[in-house]
Amino acid sequence: MVAQAEQVGGARAVSRCDALTQPPFSESGEGLTRTYLSPAFLAAQDRIAEWMRDAGMTVSRDAAANLVGRYEGDDPNAPLLLIGSHIDSVRNAGAYDGPLGVMLAIEAVGALHAAGKRMAFPIEVIAFGDEEGSRFPAAMLTSRAVAGTLDPAALDVRDCDGVALGDLLDVTVYPSAARPRGSVFAYLEAHIEQGPVLEAQGLAVGTVTGIAAQMRYEVELIGSAGHAGTTAMGLRRDAVAGMAEMVLATETVAQDSLGDVVATVGIVQVPSGAANVIAGKCAFTLDVRSGSEARRDRAADEILRRFRRIADARDLGLAVRKVHDLPASPCAPTLMDLLDAAVHSAGHKPFRLVSGAGHDAMIMAALCPTAMLFVRCRGGVSHNPAEHVDPVDAEVALRVMLGFIDRLGALHAAA
């Protein structure tokens, strides 16, 4: 087992995440905001590149502007192990959602380098650039490019200031970031849980079994605008009242569903809303998730059935558009077993859980087998400046990652 730097590596990973929350690595001095290809993003890449070099890696950027550090193996032509996560953020984010996985990957390679150890295969650490989709109206562009699943039409996007992705880099070569089939034999991503399960279990880390199936809709309701003081209650076609009933119906269906179904109305819009006007139009988003596509689909169908019934009863026009449909992405059983063994060897209880949030790992599953390690975060808080990871838990995660790499090497040698 590799032991070097374990006592400081996890804590250093946390400290580096903290350092990257401050300008020039954030677009804001309050809470982390680092959007894809912004000056803050490029500054963060430059600093992370320094840390990659210090850990013994050569550094490059691919055609999608992902930062890649390579640690050579005994056989430089062998299929490689890819470890990474993302370094972009939502607006007013916490320090660890994404960057912690990159920093822990750097520490793992740094431990190998300090020990003078190379695996039979190369290891690359990748810092993806656009997991959150907080700048352009698309998410996971950079991992989709690497996995070879990117539709070039998705690159025809502009941010809220009208800046096109093509103004910032050459989108004609963007798809060339795709890795050839067979060139990567496994992908590992460490990530904060973004939920309360590990904390409730009293555990520092957990093995992810897969990423939940996600379905997202945009819903529009059309009623009739009217004066708030002169329109009798029985004569109203109030779009907001209909939306309120639909929100509660969403909650009820998710609560009544068996298993792990969750459903969320996240964005609510009331165009031309005013205090003294009955809303004639409103729109909202519906997000439905479950580790099982069948459970997700049953819940979504029931929610939409209730929407139609509510709209009919209230004489409202209803338009529903599906905008997002991601299947469940199971992690590779063999890699899960290796993670469990590494957790046990590190002196902790193996525990498995599903991810309700999407991650680059779900995209990378199209390229190679994937594994994810969740790290406990206080209160399950994420996408919030209050996001917190205990350095002791990060140390545990680093030991597990090193144990995983060793076991992967043994498995590779036996193959």
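This report describes a buried helix, a buried strand with its partners, and the salt bridges of a predicted model.

**Helix 3**

Helix 3 comprises 16 residues, from 99 to 114. Between its first and last C-alpha atoms the helix spans 22 Å, close to the 22 Å expected at 1.5 Å a residue. Of its 16 residues, 14 are buried, so helix 3 is largely enclosed by the rest of the structure. Just after the helix, glycine 116 adopts a positive phi of about 65 degrees.

**Strand 5 and its partners**

Strand 5 covers residues 184-192, and eight of these nine residues are buried; the strand is therefore largely enclosed by the rest of the structure. Strand 3 (residues 80-86) runs parallel to strand 5 and is joined to it by four bridges. Within this pairing, leucine 80 has valine 184 of strand 5 as its bridge partner. Strand 5 is also joined to strand 16 (residues 370-375), again in parallel, through six bridges. Here alanine 190 is partnered by leucine 373 of strand 16.

**Salt bridges**

Side chains of opposite charge can pair when their charged atoms come close. The structure contains 24 salt bridges, including the three pairs tabulated below.

| Acidic residue | Basic residue | N to O distance |
|---|---|---|
| Aspartate 159 | Arginine 135 | 2.9 Å |
| Aspartate 297 | Arginine 296 | 2.9 Å |
| Aspartate 340 | Arginine 352 | 2.7 Å |

The side chains of arginine 135 and aspartate 159 form a salt bridge at 2.9 Å. Arginine 135 is located in the loop between strand 4 (123-128) and helix 4 (141-147), while aspartate 159 is in the loop between helix 4 and helix 5 (165-168), so the pair ties together parts that are 24 residues apart in sequence. Both arginine 135 and aspartate 159 are buried.

In the pair formed by aspartate 297 and arginine 296, the aspartate is partly exposed, with a relative accessible area of 28%. Arginine 296, in contrast, has 2% relative accessibility and counts as buried.

Aspartate 340 and arginine 352 meet at 2.7 Å. Because aspartate 340 lies in helix 9 (residues 333-345) and arginine 352 in strand 15 (residues 352-355), this pair ties together parts that are twelve residues apart in sequence. Aspartate 340 is buried, with a relative accessible area of 14%, whereas arginine 352 is partly exposed at 34% relative accessibility.

Salt bridges also link Arg70, Glu72, Glu124 and Arg179 in a network.

Key
Residues numbered from 1 in each chain as written. Predicted model: local features only at pLDDT ≥ 70, side-chain atom pairs only at ≥ 80, totals over all residues. Heavy atoms only, no water. Helix = DSSP H or I, 4+ residues; strand = E, 2+ residues; numbered from the N terminus. Expected span 1.5 Å × (residues − 1). Buried < 20%, exposed > 50% of the residue type's maximum accessible area, 1.4 Å probe, protein only. Pairing = 2+ DSSP bridges. Salt bridge = Lys/Arg side-chain N within 4 Å of Asp/Glu carboxyl O.
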